[in-house]
Amino acid sequence: MATNIEIEAKVLINEKEYNNVLDIFKSKIIKTYTQTNYYIDTDNLDLKKIGVGLRIRELDGRYTLTLKAPMSEGLLEKDEHLSLDVFKAFQKSNLFPEAHIADFIRMLGVDTKELKIQTSLVTLRNEVSYEDATYEFSVDKNTYNDVVDYELEMAGASLSKAKEKLKAICIRTNTFYKDNLKSKETRALETLKK
């Protein structure tokens, strides 16, 4: 099981700003790909209530189960790779994968038998070469539950520096800057309530 800390600054933008940012950075796009996140919780959203996120990401035919828990700065991420068969067993029959993350969820007092895929979100991501290689800049188009939104993300070691770098990009591209404090998972789950 891999563990890391995720620190990201994010800004939700409109379609016009999205197209403008892509146009300005078109020569610096190093990779474009599609990934699907399947967000997992109980029907009562017991994990969300305690601030924990759980997803399976499908990317390039690989499946990764990720648990995210809040820290003072950023999120603690725990990842486990899943086979296609294990993913399908969970998707079709709610057989949650038995591994370290399952043990951690039970320690939180949540019954893994109650977990199921609540919704999914597809991201078309453009990774952009950024002058500071220790930070990762991406431009996302997200589709979920008949909603399409657009987002800029800057990931790195410091939240304040990531915000500073993202603000500079917004100024350069004439994009309105406002911190986006809602994760993709939160936005997707909130559309289920409507």
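This is a guided tour of a predicted model, with a selection to make at each stop.

**Stop 1: the main nonpolar core**

Start by selecting Phe137, Val139, Leu152, Met154 and Leu166. Among the 20 residues of the largest nonpolar core, these five touch the most other members. Now colour the elements that give two or more residues to this core: strand 2 (8-13), helix 1 (15-24), strand 8, strand 9 and helix 5. Which of them gives the most? Helix 5 does, with 4 residues.

Keep Phe137 on screen and show its surroundings. Setting aside neighbours within four places in sequence, Phe137 is in contact with Val21, Phe25, Asn126, Glu127, Val128, Tyr130, Leu152, Glu153, Met154, Leu166 and Ile169. Three of the residues you selected at the start, Leu152, Met154 and Leu166, are on that list. There is also a second, separate core, made of 19 residues, and you can find it by selecting Tyr38, Val52, Ala102 and Val110, which are included in it. As background, nonpolar side chains tend to be buried together in soluble globular proteins.

**Stop 2: Lys68 in strand 5**

Next, select Lys68, which lies in strand 5 (residues 62-70). Is this lysine buried or exposed? Its relative accessible area is 17%, and because the cut-off for buried is under 20%, Lys68 counts as buried.

Show what packs around Lys68. Beyond residues up to four places away in sequence, Lys68 touches Glu6, Gly51, Val52, Gly53, Arg55, Leu75, Leu76 and Glu77. Val52 is one of the residues of the second core, so you may recognise it here. Zoom in on Glu6: its side chain and that of Lys68 are joined by a polar contact of 3.0 Å. Then draw a C-alpha to C-alpha distance from Lys68 to Asn4, and you should read 9.8 Å for two residues that are 64 apart in sequence.

**Stop 3: Asp149 and a charged network**

Move to Asp149 in strand 9. Asp149 is buried, with a relative accessible area of 10%. Look for Tyr144, whose side chain makes a polar contact of 2.6 Å with the side chain of Asp149. Apart from neighbours within four places in sequence, Asp149 is in contact with Leu12, Asp140, Lys141, Asn142, Tyr144 and Arg187.

Stay in strand 9 and select Glu153 together with Lys184. What joins Lys184 and Glu153? They form a salt bridge, with the closest N and O atoms 2.5 Å apart. This pair links distant parts of the chain, with Lys184 in helix 6 and Glu153 in strand 9, 31 residues apart. Both Lys184 and Glu153 are buried. To see the wider setting, select Arg125, Asp140, Asp149, Glu151, Glu153, Lys184 and Arg187: salt bridges that share partners join these residues into one network.

**Stop 4: salt bridges around Arg106**

Across the whole structure, a search finds 17 salt bridges. For two that share a residue, select Arg106 with Glu98 and Asp103. The side chains of Glu98 and Arg106 meet at 2.8 Å, N to O. In the salt bridge between Arg106 and Asp103, the closest N and O atoms are 3.0 Å apart. Arg106 and Asp103 are 3 residues apart in helix 4 (residues 100-107), which means they are separated by about one helical turn.

Switch to a surface view to compare accessibility. Glu98 is exposed, at 57% relative accessible area. Arg106 is partly exposed, at 36%, and Asp103 is partly exposed as well, at 40%.

**Stop 5: two asparagines with positive phi**

Finish with the backbone. Most residues other than glycine have a negative phi. Select Asn145 and check its phi, which is positive, near 45 degrees. Where is Asn145 found? It is in the loop between strand 8 (136-144) and strand 9 (147-155). With 34% relative accessibility, Asn145 counts as partly exposed.

Now jump to Asn174, where phi is also positive, near 55 degrees. Asn174 sits in the loop between helix 5 (159-172) and helix 6 (184-192). Its relative accessibility is 69%, so Asn174 counts as exposed.

Definitions and conventions. Residues are numbered from 1 along each chain as its sequence is written. This is a predicted model: local features need pLDDT of at least 70, side-chain atom pairs count only at pLDDT 80 or more; totals for chains, interfaces and linings use all residues. Side-chain values use heavy atoms; hydrogens and water are left out. Buried means under 20% relative accessible area, exposed over 50%, partly exposed in between (1.4 Å probe, protein chains only). Contact means heavy atoms within 4.5 Å. A polar contact is a pair of N or O atoms within 3.5 Å; within protein, one must be able to donate a hydrogen and the other to accept it, and residues adjacent in sequence count only if both atoms are side-chain atoms. A nonpolar core is a set of buried Ala, Val, Leu, Ile, Met, Phe, Trp, Tyr and Cys residues joined through side-chain atoms within 4.5 Å. A salt bridge is a side-chain nitrogen of Lys or Arg within 4 Å of a carboxyl oxygen of Asp or Glu.
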